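Trainee: Please take me through the model below. I would like the reasoning as well as the answers.

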Amino acid sequence: MVSTAEPQDANRLGFASGLVVQEFGWAEDVDDDLRDAIEEITGTELVDEEYDDVTDGVILWWREDDGDLTDTLVDVQTVLDDGGVIWIFTRKPGRDGHVGHSDIQEAATTAGLHATSTFSIASDWSATKLGNRGRGK
């Protein structure tokens, strides 16, 4: 697997040194270079789905057959600190498991979030930033 993710790509996610970032949806197909770049920026390892303390950010690897995206987005918000950011990484168009932007937008809206930006983050993955609508959790 070839990756194009470099730390400067991960810098676009807005994470900073000392932040705790929780990872959901890890599988063999994730981009390890991107994961490493995020850890390099924060200076800490990503915490897994079992982590039960407050986090500063979330990355969610999501594929078409992963289940109900709305439910997952509601769940990932439970330990996210106020002002924390959620990034959903989805397979690019034409790749197995691709999820359309309209599906992401619909699930985000139902979960009380909205998509604010989308861009290519790695060779097989796109990143979409989800922000809180300000209504509380």
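**Helix start, sheet and packing**

Trainee: At the start of H3, a side-chain oxygen of Asp-68 reaches to within 2.9 Å of the backbone nitrogen of which residue?

Mentor: This is a predicted model, in which local features need pLDDT of at least 70 and side-chain atom pairs pLDDT 80 or more, while totals for chains, interfaces and linings use all residues. Residues are numbered from 1 along each chain as its sequence is written, and side-chain values use heavy atoms, without hydrogens and water. Helices (H or I, at least four residues) and strands (E, at least two) are DSSP runs numbered from the N terminus. A polar contact pairs N or O atoms within 3.5 Å, one able to donate a hydrogen and the other to accept it within protein, and residues adjacent in sequence count only if both atoms are side-chain atoms; at the start of H3, the 2.9 Å approach from Asp-68 is to the backbone nitrogen of Thr-70.

Trainee: What arc around the axis do the buried residues of H3 cover?

Mentor: Buried means under 20% relative accessible area (exposed is over 50%, partly exposed in between; 1.4 Å probe, protein chains only). In H3 the buried residues are Leu-69, Thr-70, Thr-72, Leu-73 and Val-76. They lie on the same side of H3, because the arc, taken from the directions between the helix axis and the C-beta atoms, is only 165°.

Trainee: What is the strand order of the open sheet?

Mentor: Two strands pair if DSSP finds at least two bridges between them. S2 (residues 55-62) and S3 (residues 80-91) are parallel over seven bridges, whereas S3 and S5 (residues 125-132) run antiparallel with six. The pairing is therefore mixed, in an open sheet of five strands with the order S1-S2-S3-S5-S4.

Trainee: Which strands are at the edges?

Mentor: An edge strand here pairs on one side only. In the order S1-S2-S3-S5-S4, the edge strands are S1 and S4.

Trainee: Which residue in S5 is the bridge partner of Phe-89?

Mentor: S3 and S5 are joined by six bridges. Ile-86 stands opposite Leu-130 in S5, and the bridge partner of Phe-89 in S5 is Ala-127.

Trainee: What is the relative accessible area of Thr-42?

Mentor: Thr-42 belongs to helix H2 (residues 32-42). Contact means heavy atoms within 4.5 Å; beyond its neighbours within four places in sequence, Thr-42 is in contact with residues including Phe-15, Leu-19 and Val-21. Thr-42 is buried, its relative accessible area being 2%.
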